[in-house]
Amino acid sequence: MTTLLRFIFSALGLLVAAAFVPGVHGGPFLELLVVAIILGALNATLGLLLRFVTYIPNFCTFGCLGLFINGLVFWAAGALSSNLGLHFRVDGFWAGFWGALVSSMVAGFLGWMFLPKKDKGGRDDEPRKVKVINP
C-alpha cells in the first residue's frame, strides 16, 4: 500500500511540476501515474548507474551533482514517455532539472504528511531491556 501511495504522490508531484515549471507538459492523471512508474524504473536503473559512475565528483560537490543527475533522469523520462505516446513531455535539461526538483519536493512533502514514520532504531520513550545471561 505504501508503494502505491508513493507512486500516487509522485504523479501528483508531476502534475504540480507540469503546472508551474515552463517546459514540462503533463497529461491526464492516469498517464502521469504511468510516467511516475517509468520515472521510478529509470531512477532504479539509469539513475543508479549515473550515481555510481559519478560517485567521486558527487562526493566532491557535496551531492550537488545528484541534482543534475535527477534532472537528466527526469528529462529521459519525458523523452521516453513521449515516445511511448503519453502526453508527458520535457522540453530540455533545465526544464527537467526544475521539474525534478519541484516534483520531488511535492512528493516528499506528501510522503512526510501521509505515510507512517519508520522506526530508525533510535531512542524510544521506553527504556531498553537488557538481557542478562547468567553463567
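**View 1. The best-connected members of the largest nonpolar core are Leu14, Val24, Leu39, Phe74 and Phe88.** Here's the heart of this predicted model: a set of 21 residues, in which those five touch the most other members. Helices α1 (2-20), α2 (29-53), α4 and α5 (93-114) each put in at least two residues. The top contributor is α2, which gives seven.

**View 2. Phenylalanine 74 and its contacts.** Zoom in on one of those five well-connected core residues, Phe74. Leaving aside anything up to four places away in sequence, phenylalanine 74 touches Leu14, Val24, Leu39 and Phe88, plus Val90, Gly96, Gly99, Ala100 and Ser103.

**View 3. Phenylalanine 62 sits in the loop between α3 (55-60) and α4 (64-83).** Now for a phenylalanine with another story. Its phi is near 55°, so we have a positive value in a residue that isn't glycine. Most residues other than glycine have a negative phi. As for the side of things facing out, phenylalanine 62 counts as exposed because its relative accessibility is 78%, and the exposed label needs over 50%.

**View 4. The whole chain, for context.** Stepping back, you get five helices and two strands, running α-β-α-α-α-β-α along the sequence. Of the chain's 135 residues, 32% are buried. Take the contacts between residues at least 6 apart in sequence, and 65% of them join residues at least 24 apart. The chain exposes about 9,400 Å², with carbon and sulfur atoms supplying 70% of that area.

Conventions: Residues numbered from 1 in each chain as written. Predicted model: local features only at pLDDT ≥ 70, side-chain atom pairs only at ≥ 80, totals over all residues. Heavy atoms only, no water. Helix = DSSP H or I, 4+ residues; strand = E, 2+ residues; numbered from the N terminus. Buried < 20%, exposed > 50% of the residue type's maximum accessible area, 1.4 Å probe, protein only. Core = buried A, V, L, I, M, F, W, Y, C linked by side-chain atoms within 4.5 Å. Contact = heavy atoms within 4.5 Å. Areas by Shrake-Rupley, 256 points an atom, 1.4 Å probe, with all protein chains shown as cover.
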